[in-house]
Amino acid sequence: MTREQLGDLILDSERQLYSTAKTILYDDQDCADAIQETIVKAFSKINTLRNDRFAKTWLIRILINECYSMLRKSGRFVPLEYAKESGEWGTEKNDEYLDLYRALDALKEELRMPLVLYYLEGFSIREIAQILSVSEGAVQKRLARARGKLRIDLLEGRESYET
């Protein structure tokens, strides 16, 4: 892969990079920092990419590693309350999905990440397995567990509104 092709891939993957980083870091500035570091690392390590076909998976993996590295360095995890205080939940655009966002955020990251990559980013199970460095069976199991937990959380939320 050439540097120009990598640049095009990064531009085409901008939304996916942001939403993946947002799943882990929450803060927009931290997401931007992680994406910038990912781009720098991708260009400096372009020779480690063995197969151009897996370039997007490789790029997302670098981003995830960078996000975790930032969390380790800062020693902080952002609770759900931060998102509420920052105003993200209160926008008119997000109001109808508020329960879904809350249920999604309540999931452990190992369940949330495959869900976001599969449903929001459109990655295949095989690609998610490569990104997360787990087996395809593990991805399928995590997706099933996450869907089950979401279903329970959303049904419980609906019942509490009806009573």
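How much area does the protein expose, and what share of it do carbon and sulfur atoms supply? In this predicted model, the exposed area comes to about 10000 Å², with 50% of it supplied by carbon and sulfur atoms. Turning from the surface to the interior, 42% of the 163 residues count as buried.

The fold itself is pleasantly simple to write down. The protein has 10 helices and zero strands, and its pattern along the sequence reads α-α-α-α-α-α-α-α-α-α. Among contacts with a separation of 6 or more, 65% join residues that lie 24 or more positions apart in the sequence.

One helix pair invites a closer look. Two packed helices are described by the angle between their axes and the distance between the axes. For helix α1, spanning residues 3-12, and helix α4, spanning residues 55-74, the packing angle is about 70° and the axes are 11 Å apart. Helix α1 is therefore roughly perpendicular to α4, since angles of 65 to 115 degrees fall in that class. The crossing of these two helices, α1 and α4, is right-handed.

Which residues meet where α1 and α4 come into contact? From α1, the participants are Leu6, Leu9 and Ile10; from α4, they are Ala55, Lys56, Trp58 and Leu59. By residue class, this contact of α1 with α4 holds six nonpolar residues, no polar ones and one charged residue. The charged residue is Lys56 of α4, while Leu6, Leu9 and Ile10 on the α1 side count as nonpolar.

Terms used:
Residues numbered from 1 in each chain as written. Predicted model: local features only at pLDDT ≥ 70, side-chain atom pairs only at ≥ 80, totals over all residues. Heavy atoms only, no water. Helix = DSSP H or I, 4+ residues; strand = E, 2+ residues; numbered from the N terminus. Buried < 20%, exposed > 50% of the residue type's maximum accessible area, 1.4 Å probe, protein only. Contact = heavy atoms within 4.5 Å. Areas by Shrake-Rupley, 256 points an atom, 1.4 Å probe, with all protein chains shown as cover. Axes fitted to C-alpha atoms, helices over the stretch in contact; angles between N-to-C directions. Parallel < 35°, antiparallel > 145°, perpendicular 65-115°, else oblique. Left-handed = near helix turned anticlockwise from the far one by under 90°.
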